[in-house]
Amino acid sequence: MSKKRLFAFMVGLAAMSGAACRTSVVDPGTASCAPANGEPVNFGFYAFFEPVSYSEDSDPASPGFAKHLGYEADLLTALEAIEGNRLFFAREPIADWPGIWLLPATPEFDIVGGGITILESRTLDAAGQRAVAFTSGHIAFRQSLLVRSEDEERFASYDNLTNDVRVGVLRGTTGEARLLQIAGIANGDGVLARGARIETPSGVVVADGTARYTITAARASSAVEGRTHIVPPSDGMPQVIYLGDVSGEEELLAALGDGTIDAVARGEIGNGEAARASDDRFVVAAVDSLAEYGGFALDADNAPMLACIDERLDWLTDQRRIGYPEWRTDPGVFLSRAALWNRG
C-alpha cells in the first residue's frame with residue numbers, strides 16, 4: 001500500500017462512528033491535513049508560470065530554481081500557518097507542463113499545482129480511469145492574446161486572426177486548447193478540422209476531421225504528439241507555433257519580442273503581468289469570455305486530505321471572494337485570513 005493510500009485509510013478509520021466506513025465522512029474542521037506520521041506533503045509546483053507559480057531562478061541548475069514564488073506559493077504558506085494542521089509542504093519545481101496534473105497518482109508527489117485549470121478530463125489517466133481529483137478552485141482564469149503594442153488594434157478580436165498571423169502557445173495548456181476552438185481549428189471536443197497540417201518530429205500529418213487528430217487541454221492523440229506548428233485549413237484561421245519546452249512562457253515572450261510570433265495565447269493573468277513588465281512593448285488584446293478556475297490536484301484516493309484542504313482553501317479565499325486581484329494588491333492577504341482562522 002502506498003504512503004498516500006495508507007494515510008487515506010488511517011484517517012478514514014478514525015472518522016468512523018458506527019456507520020459504514022467512507023473516507024468522505026472525515027470532518028475537515030477537526031482533522032489534520034497532514035499525514036499521520038508528520039512527514040511533509042510532497043508538493044510539485046510548475047516553475048514557469050509567473051506570477052501564479054514560478055521559481056526564483058529559471059535556471060534548473062541554480063539553487064534558486066527550487067524556491068517557490070507567486071500567488072500559489074503564498075497560498076501554500078498560509079495553509080501551513082493554520083494552527084493544528086501539522087502541515088508542511090516539501091516543494092519541488094517541475095519544468096515540464098504536459099500532464100503535470102496526473103503526477104499525484106505517482107509515488108513522487110502528493111499534490112501538484114502551478115495554475116492548473118480544473119477540468120474533468122484532466123482527472124482521467126490515459127486509460128480513462130479517474131486518477132486524480134482537484135481541490136476547490138482558488139483562482140479565476142480567462143484566456144487572452146498578448147501582442148506587441150503597435151498591434152493592439154489589429155488584434156482587438158480573435159476574429160482578426162488570419163493565416164498570416166503566428167500565435168505562440170505552450171503545448172498541453174488551456175491557452176492552446178481554447179485558441180484552437182475559438183479560431184475554428186478544432187471543434188468543442190478538440191478534433192482538428194479537416195485539412196489542418198500539423199508539423200511533428202516524425203513529419204507532417206494532415207487532419208482528416210476524425211478523432212485521430214485531437215488536441216484538448218488534457219491530452220492529445222498520438223498522431224499530433226510533439227507538434228511544433230499547425231498550418232490552418234482556412235485563410236481565416238491563424239498559424240499555431242509551439243514554443244516553451246525549455247523555459248515555458250519566457251520563450252514565448254522572447255519570440256513575441258523579436259517578431260518570431262505575432263501573439264501569445266495564454267491566461268489573462270500571465271499576459272497582464274507580462275504587459276506591465278514590458279515597458280509598454282506588449283499589451284493584452286482579445287480576452288476570452290469564458291471564465292474557468294484553477295486548483296491543486298491530489299491522488300483520487302486521498303479524499304480525507306482533499307476534504308481537509310478544501311475547507312481551508314475556501315476559508316483563505318473567503319469562498320472565492322479573495323483571489324488574484326486581491327493578492328496582487330496585498331500579498332499578505334492569505335496570511336491575514338490564516339490568522340483569523342487561528343483566532344477561532
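**Cores, fold and loops of a predicted model**

The largest nonpolar core has 59 residues. Those with the most contacts inside it are Leu-79, Phe-89, Ile-111, Ile-261, Leu-316 and Phe-334. Helix α6, residues 303-316, gives the most to this core, with 6 residues. All of this is read from a predicted model.

Take Leu-316 as a way in. Leaving aside neighbours within four places in sequence, Leu-316 is in contact with Leu-75, Ala-78, Leu-79 and Ile-82. Its other contacts are Ile-322, Phe-334, Arg-337 and Ala-338. Two of these partners, Leu-79 and Phe-334, also appear among the core residues with the most contacts. Apart from this core lies another, of 30 residues. Among them are Val-165, Ala-183, Tyr-242 and Ala-263. In soluble globular proteins, nonpolar side chains tend to be buried together.

Now step back to the whole chain. Its secondary structure comes to 8 helices and 15 strands. The radius of gyration is 21 Å, and this agrees with a compact globule, because such a globule of 344 residues would have a value near 20 Å. Along the principal axes, the C-alpha trace spans about 65 × 45 × 40 Å. Buried residues make up 51% of the 344. Contacts with a separation of 6 or more are counted next: 67% of them join residues 24 or more positions apart.

The surface and the charges come next. The accessible surface is about 14900 Å², and carbon and sulfur atoms hold 51% of it. The chain carries 29 positive and 48 negative side chains. The centres of these two sets lie 4 Å apart.

Several loops deserve a look. Pro-51 is found in the loop between β2 (48-49) and β3. A cis peptide bond joins Glu-50 and Pro-51, with omega about 10°. Ala-66 sits in the following loop, between β3 (53-55) and β4 (68-69). Ala-66 has a relative accessible area of 44%, so it counts as partly exposed, a class that runs from 20% to 50%. Not counting residues up to four places away in sequence, Ala-66 touches Phe-45, Arg-91 and Pro-93. From Ala-66 to Gly-99 is 33 residues in sequence and 20 Å in space, C-alpha to C-alpha.

Two further loops hold residues other than glycine with positive phi. Asp-279 lies between α5 (268-276) and β15 (282-299). Its phi is near 55°. Asp-279 counts as exposed because its relative accessibility, 68%, is over 50%. Gln-319 lies in the loop between α6 and α7 (324-329). Phi of Gln-319 is also near 55°.

Notes
Residues are numbered from 1 along each chain as its sequence is written. This is a predicted model: local features need pLDDT of at least 70, side-chain atom pairs count only at pLDDT 80 or more; totals for chains, interfaces and linings use all residues. Side-chain values use heavy atoms; hydrogens and water are left out. Helices (H or I, at least four residues) and strands (E, at least two) are DSSP runs, numbered from the N terminus. The radius of gyration is taken over C-alpha atoms; the globule rule is 2.2 Å times the number of residues to the power 0.38. Buried means under 20% relative accessible area, exposed over 50%, partly exposed in between (1.4 Å probe, protein chains only). Contact means heavy atoms within 4.5 Å. Accessible areas come from the Shrake-Rupley method with a 1.4 Å probe; for residues, only the protein chains shown count as cover. Lys and Arg count as positive and Asp and Glu as negative; His and the chain ends are not counted. The place of a charge is taken as NZ of Lys, CZ of Arg, CG of Asp or CD of Glu. A nonpolar core is a set of buried Ala, Val, Leu, Ile, Met, Phe, Trp, Tyr and Cys residues joined through side-chain atoms within 4.5 Å.
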